[in-house]
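Hi,

Here is the structure I promised to pass on. Have a look at it first, and then read my notes underneath.

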Amino acid sequence: MTGLAQAPMREPLQRRLARLAARTIRTRTVRAHPHAPLVSFTFDDIPDSAAERGAAILEGAGVRGTFYIAGSLVGAVEPIRRLAGREQCRDLHRRGHEIGCHTFSHQAVSDLGRTALAEDIARNARFLGEIDPGIAPANFAYPFNTTSLRAKRQLESHFATCRGGVPGINAGRIDPGFLRAVELADCCIDAAAVRSWIARAVEARGWLVFFSHGISERPEPWGCHPDLLRAAVAEARRQGASVVTMREALRQVLGDDRATAS
Ligand SMILES: [Zn+2]
């Protein structure tokens with residue numbers, strides 16, 4: 001889960017200010033090179049329905065997605081969802097999807113000190129590397145879409161990109177340490193709004209990142225119906241956008257091969 005809806009109702013003022021600063025202060029920006037309009041589909045945590053239905057929908061359209069995995073959630077069974085197991089994570093990687101880091105502990109990174117955060121992401125890298133030695137996450141998504149300036153600086157020095165959950169198009173001068181992203185969930189977006197976001201990305205020749213969780217006919221509160229995901233993929237292609245992983249999108253945005261493989 002990454003939706004802001006899951007954030008604590010009453011946060012201390014200091015933490016609210018840290019969150020606000022991290023969302024608004026651009027610590028390290030890059031100017032995007034000219035590129036085709038890009039749309040990336042990403043999934044957090046990840047529920048087994050994302051690994052199965054979600055991945056199958058992308059593959060049916062001949063494209064791939066980015067799956068941000070938190071090691072501590074792999075194989076977990078929660079009251080309203082099952083999380084993908086090791087085999088499903090390995091399969092995703094071997095089928096050409098990108099595996100990203102979502103911390104190991106799935107804690108808000110603003111709650112972890114510098115050493116604890118470094119140990120946490122190293123632990124996740126070890127965990128994922130044990131699933132398949134070819135998995136080496138280069139891109140990150142903030143659990144609960146929340147961070148602090150300190151954690152952002154630490155993570156943006158470690159990962160090629162860090163994805164947040166503030167809606168927007170990444171275009172012009174972009175902030176790789178806090179990429180804008182639009183939640184693709186039945187609770188908060190419909191097909192018309194999806195079309196509109198894609199149109200904005202195409203017009204700006206920018207990079208639109210969608211994020212979701214489970215993909216099923218009866219999704220969890222922050223999940224998405226398969227029809228909506230299918231429609232979003234089709235719409236992106238209909239409007240002329242390239243549907244690519246975060247890794248590939250970043251390569252095009254940077255105009256070179258600095259983005260490392262995972
Ligand atoms: Zn999450």
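Below is what I found, going from one helix to the core, the rings and the charged pairs.

Some housekeeping: this is a predicted model, where local features need pLDDT of at least 70, side-chain atom pairs count only at pLDDT 80 or more, and totals for chains, interfaces and linings use all residues. Residues are numbered from 1 along each chain as its sequence is written, and side-chain values use heavy atoms, with hydrogens and water left out.

**Helix α7**

Helices and strands are DSSP runs, numbered from the N terminus (H or I and at least four residues for a helix, E and at least two for a strand). A good place to start is α7, which covers residues 226-238. Its 13 residues reach 18 Å from the first C-alpha to the last, close to the 18 Å expected at 1.5 Å a residue; that expected span is 1.5 Å times one less than the number of residues. Just after α7, G240 takes a positive phi of about 90°.

Which residues of α7 are buried? They are P226, L228, L229, A232, V233, E235 and A236. Here buried means under 20% relative accessible area, exposed over 50%, and partly exposed in between, with a 1.4 Å probe and protein chains only. The cover over these residues includes β2 (38-45), α2 (48-60), α6 (191-204) and β12 (242-243), with contact meaning heavy atoms within 4.5 Å.

**The core**

L229 turns up again in the largest nonpolar core, which has 41 residues. Such a core is a set of buried Ala, Val, Leu, Ile, Met, Phe, Trp, Tyr and Cys residues joined through side-chain atoms within 4.5 Å. Along with L229, the residues with the most contacts inside this core are F41, F43, I46, L184, L208 and F210. At least two core residues come from each of β2, α2, β3 (66-69), α3 (86-94), α4 (114-131), α6, β11 (207-212) and α7. Apart from this core lies another, of 16 residues, among them A32, L38, I174 and M246.

Try clicking on F210: leaving aside residues up to four places away in sequence, F210 touches V39, S40, F41, T42, V182, L184, I189, V194 and I198.

**Rings**

Rings of Phe, Tyr and Trp (its six-membered ring) pair if their centres lie within 6.5 Å; planes under 30 degrees apart count as stacked, over 60 as edge-to-face and the rest as tilted. That gives 6 aromatic pairs. One of them is F104 with F127, an edge-to-face pair at 5.7 Å centre to centre and 70° between the planes. This pair links distant parts of the chain, 23 residues apart, with F104 in the loop between β6 (98-101) and α4 and F127 in helix α4.

Why is the pair of Y142 and F178 tilted? Their ring centres are 5.7 Å apart and their planes lie at 35°, so the pair is tilted. Y142 sits in the loop between β7 (139-141) and α5, and F178 in the loop between β9 (173-174) and β10 (182-183), 36 residues apart. Y142 is buried at 0% relative accessible area, and F178 is buried at 1%. Ring pairs also link F140, Y142, F159 and F178 into a cluster.

**Charges**

A salt bridge is a side-chain nitrogen of Lys or Arg within 4 Å of a carboxyl oxygen of Asp or Glu. The whole structure has 12 salt bridges. In one of them, E217 meets R53 with the closest N and O atoms 3.0 Å apart. E217 lies in the loop between β11 and α7 and R53 in helix α2, so the pair ties together parts that are 164 residues apart in sequence.

E59 and R95 form another salt bridge, at 2.9 Å from N to O. E59 is in helix α2 and R95 in the loop between α3 and β6, so parts 36 residues apart in sequence are tied together.

By contrast, R251 and E248, also joined by a salt bridge, both lie in helix α8 (residues 246-254), 3 residues apart, about one turn of the helix. Salt bridges that share partners join D45, E78 and R81 into one network.

One oddity to finish: E156, in helix α5 (residues 149-156), is buried yet has no salt bridge. The nearest side chain of opposite charge, R28, is 4.4 Å away (Lys and Arg count as positive and Asp and Glu as negative, while His and the chain ends are not counted).

Cheers
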